[in-house]
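Colleague: Please take a close look at one part of this model for me, and then follow its surroundings outward as far as they can be described with care. I would like the reasoning behind each label to be spelled out where there is any.

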Amino acid sequence: MVFETFRAQALQVLRIEAEAVRQLEQYLNADFEHACQLILQAKGKVIVSGIGKSGHIANKIAATLASTGTPAFFVHPGEASHGDLGMLSANDIVIAISNSGETSEVLTIVPVIKRLGIPLIAMTGKPESTLAKLADVHICVAVTQEACPLGLAPTASTTATLAMGDAIAVAVLDARGFSADDFALSHPGGSLGRKLLLRLEDLMHQGDLVPIVTRRATIKDALLEISKKGLGMTTIVNNDGSLAGIFTDGDLRRILDQRLDIHTTLIEQVMTVNCITAKADMLAAEALNIMQQKKINGLVIVDATRKPIGAMNMHDLLKAGVL
C-alpha cells in the first residue's frame, strides 16, 4: 500500500511538471525572440543570477549557455553586492531569475546593472513584479501550481524555468550555427569528448594489421586472413589495390548451406561488393551511427582512390569509449 502511495504521488508530480513545461509555449513571444537576439549579438558574456532554488537553476542555465557557444557564468546576487559585480563589463548581458520577481538580493543589484547600461533579461513568474518591470526584456515562466502538495517547495516553477533556459540556449545555438565540432571543443574530457573528438584515423587498424586478400584468393585464404587479423572480416582488393569487396564472419555463415569447397572456391565469387566504407577523418561517433543503422559489425576505411588504409569493428569503438 505504501508503494502504491509513492507511485501515485510521483505520477502526480510528473504530470504537474509536464503540464507546466507544456504551458511555456504561450510565452514564446516577441520578448523571447528579443532576449535571444540580445544574447546572440552580445559582444561580452552572459551573467546569470539568482538565489536559493532559482540560483541553482541559474547556475545550470549559465553552464548550458557556456557549453553551447555562448560565454556565460553564474554570479550569486549576494556576492555580487559585495564586490562580484566587478566582473561585469559594458558589453555583457544579465539574466536575473526570481519566481516572485521580488527577491531583495536580486533587486539590490539592478540599479548597478542599469547604471552600467547593461541589458537586463528577467525570468519571473510574475509579469507585474518589480523585477519584471525594471527589466529590458521579461520572459514569463509562470506556472498554475507547484508539484509540492503544500504549494510551498519550488518544483514545477523551477522545472519550467530550467526548461525555458534550455529553450533559450538551444535557440541561440541554432542561430549561431554551433556545430558538433564546436561542442567538442568545450567538452574534451570524459566519454563525451571521446565521442565527439575521436576520428577513425585515431583508432583504426592500419598497415599490416588491415586484413587484405586478392580477388583470386580462395575462401580458405580469406578465412586464414580473418583469423590472423582478428577483426571478423577481410577486405578483397583488385590488382591495383582498390577495394573490390569484403568478406565477413556473417558471410561465411550465409554460404555454409551452399557446400562450397573452401580450398578451390575463389573469394570473389562469394564476397560482398558495394560494401559500406568510410574516410579516415570521419568522426567515430558518425561511424558508430552508420554501423548501427546498417547493422554491420565492421567498417573499411579507404583513401581517395578507394584503397583500404584501415579497418575497425565495434570492439574498437567499445575500447575507445565511444560505444
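Modeller: In this predicted model, a good place to begin is Asp31, which belongs to helix α2, the helix formed by residues 30-41. With a relative accessibility of 35%, Asp31 is classed as partly exposed, because that label covers values between the 20% limit for buried and the 50% limit for exposed. Once its neighbours within four places in sequence are set aside, Asp31 is in contact with Val137 and His138. The same part of the chain appears in a C-alpha distance, since Asp31 and Cys140 are 109 residues apart along the chain while their C-alpha atoms are separated by 9.0 Å.

The helix that carries Asp31 also packs against another helix, α7, with the two axes 10 Å apart and an angle of about 55 degrees between them. That angle makes α2 and α7 oblique to each other, because it lies outside the ranges that count as roughly parallel (under 35 degrees), roughly perpendicular (65 to 115) or roughly antiparallel (over 145). The crossing of α2 with α7 is right-handed. On the α2 side the contact is made by Phe32, Cys36, Ile39 and Leu40, and these meet Met164, Ala167, Ile168, Ala171, Val172, Ala175 and Arg176 of α7. Sorted by class, the residues of this contact comprise 10 nonpolar, no polar and one charged.

Helix α7, residues 156-176, also packs with α3, residues 53-67, again with axes 10 Å apart but here at an angle of about 20 degrees. The pair α3 and α7 is therefore roughly parallel, the cut-off for that label being 35 degrees. Here too the crossing is right-handed. From α3 the residues involved are Lys53, Ile57, Lys60, Ile61, Thr64 and Leu65, and on α7 they meet Thr158, Thr161, Leu162, Gly165, Asp166 and Ala169. By class, this contact of α3 with α7 holds five nonpolar, four polar and three charged residues, which can be set beside the 10 nonpolar, no polar and one charged of the contact between α2 and α7.

Within α3, Ser54 deserves a word of its own. Its relative accessibility of 15% makes Ser54 buried, because the limit for that label is 20%. When residues up to four places away in sequence are not counted, Ser54 touches Ile97, Ser98 and Asn99.

From there the description can move on to strand β3, residues 93-97, which is one of the elements that the buried residues of helix α5 pack against. The buried residues of α5, which covers 104-115, are Val106, Ile109, Val110 and Ile113. Viewed down the axis of α5, these buried residues fall within an arc of 135 degrees, so they line one face of the helix. Pro111 and Arg115, on the other side of α5, are exposed. Besides β3, the partners of the buried residues of α5 are β1 (46-49), α4 (77-80), β4 (120-124) and α6 (130-134). After α5 comes Gly117, which has a positive phi, near 70 degrees.

Helix α11, residues 219-229, can be described along similar lines, with Ile219, Ala222, Glu225, Ile226 and Lys229 as its buried residues. Down the axis of α11 the buried residues occupy an arc of 120 degrees, so they too line one face of their helix, while Leu224, Ser227 and Lys228 are exposed on the other side. The buried residues of α11 pack against β6 (212-214), β7 (233-237), β8 (243-248) and α12. Just after α11, Gly230 has a positive phi of about 70 degrees.

Positive phi also turns up outside glycine, and some context helps: most residues other than glycine have a negative phi. Asn274, in the loop between α12 (249-255) and β9 (277-278), nevertheless has a positive phi, near 55 degrees. Its relative accessibility of 74% makes Asn274 exposed. Arg306, which is not a glycine either, has a positive phi of about 65 degrees and lies in the loop between β10 (298-302) and β11 (308-313). Arg306 is partly exposed, with a relative accessible area of 36%.

Conventions
Residues are numbered from 1 along each chain as its sequence is written. This is a predicted model: local features need pLDDT of at least 70, side-chain atom pairs count only at pLDDT 80 or more; totals for chains, interfaces and linings use all residues. Side-chain values use heavy atoms; hydrogens and water are left out. Buried means under 20% relative accessible area, exposed over 50%, partly exposed in between (1.4 Å probe, protein chains only). Helices (H or I, at least four residues) and strands (E, at least two) are DSSP runs, numbered from the N terminus. The arc is that of the directions from the helix axis to the C-beta atoms. Contact means heavy atoms within 4.5 Å. Axes are lines fitted to C-alpha atoms, for helices over the stretch in contact, and angles run from 0 to 180 degrees between N-to-C directions. A crossing is left-handed if the near helix is turned anticlockwise from the far one by less than a right angle, and right-handed if clockwise. Ala, Val, Leu, Ile, Met, Phe, Trp, Tyr, Cys and Pro count as nonpolar, Asp, Glu, Lys and Arg as charged, and the others, Gly among them, as polar.
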